[in-house]
Amino acid sequence: MCNIVLSHPSISRQHAAIIHGKSGNVYLTDCGSSHGTKLNKQRIDPMTRVSLQEDDLISFGASTRTYKFRMGGGEDMEDEEKSHTGSKRHRKRSRGDKKGKRTRA
C-alpha cells in the first residue's frame with residue numbers, strides 16, 4: 001500500500017484509490033469524496049471501479065493539477081530514472097570517496 005498526500009482544500013484525506021487487480025489491470029475508484037475525481041476530464045461515479053489505461057489523465061477535486069497514469073517499467077521510465085537518479089548517486093559516491101580517503105589517511 002502507498003499513501004500519496006495531495007495538498008488542496010478540495011481534496012479529501014481519503015479521496016481516491018488506485019488498485020492493482022489480480023487480473024493485472026489497474027483501477028481508479030473515488031472513495032465518496034465531496035469534490036469528485038476525474039478520469040480524462042470526465043467525473044467518475046463514487047465507489048465505482050474504472051479501469052486505467054496508459055497515459056490516462058487523473059485529477060482530484062477542484063485542483064488544476066493533472067496526473068498522467070504510467071504503468072512503469074517502460075523504456076522512457078527507465079531512461080528517465082537513470083538520468084535523474086544516476087547523477088545523484090554519482091555525486092554522493094564521489095563525496096563519500098573523498099570523505100573516506102580523508103578519514104583513512
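These legends walk through close-up views of a predicted model.

**View 1. The whole chain, strand by strand.** Start with the overall layout: one helix and seven strands make up the regular elements of this chain. Follow the sequence and you meet them in the pattern β-β-β-β-β-β-β-α. The chain has 105 residues, and 22% of them are buried.

**View 2. The hairpin of β1 and β2.** Here β1 (16-20) and β2 (26-30) pair in the antiparallel sense, held in register by five bridges. Look for His-20, which stands opposite Val-26 in β2. Five residues sit between the two strands of this hairpin, and Gly-24 there has a positive phi near 100 degrees. As background, strands of a sheet pair through backbone hydrogen bonds, and the pairing can be parallel or antiparallel.

**View 3. Strand β2 and its surroundings.** How many of the five residues of β2 are buried? The count is five of five, so this strand is largely enclosed by the rest of the structure. Val-26, Leu-28 and Asp-30 point one way from β2, while Tyr-27 and Thr-29 point the other way. That fits a simple habit: in a regular strand, side chains alternate between the two faces of the sheet. β2 also pairs with β5, in the antiparallel sense and over three bridges. Within that pairing, Thr-29 stands opposite Arg-49 in β5.

**View 4. Arg-49 over a ring.** Stay with Arg-49 for a moment, since its partner in this view is an aromatic side chain. Arg-49 lies over the face of Tyr-27, at 3.9 Å from the ring centre. Tyr-27 is one of the buried residues of β2, and it points the same way from the strand as Thr-29. Thr-29 is the residue that stands opposite Arg-49.

**View 5. The open sheet of four strands.** In what order do the four strands of this open sheet run? The order is β4-β3-β6-β7, with antiparallel pairing. At the edges are β4 (42-43) and β7, each of which pairs on one side only. Further in, strand β3 (residues 37-39) and β6 pair in the antiparallel sense over three bridges. One spot to pick out is Lys-38, whose bridge partner in β6 is Ser-59.

**View 6. Phe-60 and Tyr-67, an aromatic pair.** A search of the whole structure turns up one aromatic pair. Its members are Phe-60 and Tyr-67, with 5.9 Å from centre to centre and 50 degrees between the planes, which makes the pair tilted. Those two values are the usual way to describe such a pair: the distance of the centres and the angle of the planes. Is Phe-60 buried or exposed? Phe-60 has 11% relative accessibility, so it counts as buried. Tyr-67, at 30%, counts as partly exposed.

**View 7. The largest pocket.** This view shows a pocket with a volume of about 950 Å³, the largest in the model. It is lined by 26 residues, and the closest to its centre are Cys-2, Ile-4, Ala-16, Ala-17 and Ile-18. Which strands each supply at least two residues of the lining? They are β1, β2, β6 (57-60) and β7 (67-68). The largest share, five residues, comes from β1. By residue type, the lining divides into 18 nonpolar, five polar and three charged.

**View 8. Two loop residues with positive phi.** Asn-40 lies in the loop between β3 and β4. Its phi is near 50 degrees, a positive value in a residue other than glycine. With 36% relative accessibility, Asn-40 counts as partly exposed. Now move along to the loop between β4 and β5 (49-51), where you will find Met-47. Met-47 is not a glycine either, yet it has a positive phi of about 60 degrees. Because its relative accessibility is 61%, Met-47 counts as exposed.

**View 9. Leu-6 and Arg-65.** Leu-6 is found in the segment before β1. At 24% relative accessibility, Leu-6 counts as partly exposed. Leu-6 and Arg-65 are 59 residues apart along the chain, and their C-alpha atoms are separated by 9.9 Å.

Technical notes
Residues numbered from 1 in each chain as written. Predicted model: local features only at pLDDT ≥ 70, side-chain atom pairs only at ≥ 80, totals over all residues. Heavy atoms only, no water. Phe/Tyr/Trp six-rings, centres within 6.5 Å; stacked < 30°, edge-to-face > 60°. Buried < 20%, exposed > 50% of the residue type's maximum accessible area, 1.4 Å probe, protein only. Lys NZ or Arg CZ within 6 Å of the ring centre and 35° of its normal. 1 Å grid on protein atoms, 1.4 Å probe; cavity = no way out; pocket = protein on both sides within 12 Å on 5 of 7 lines; lining within 4 Å. Points joined across faces, edges and corners; volume = space filled by probe spheres on them. Nonpolar A, V, L, I, M, F, W, Y, C, P; charged D, E, K, R; others polar. Pairing = 2+ DSSP bridges.
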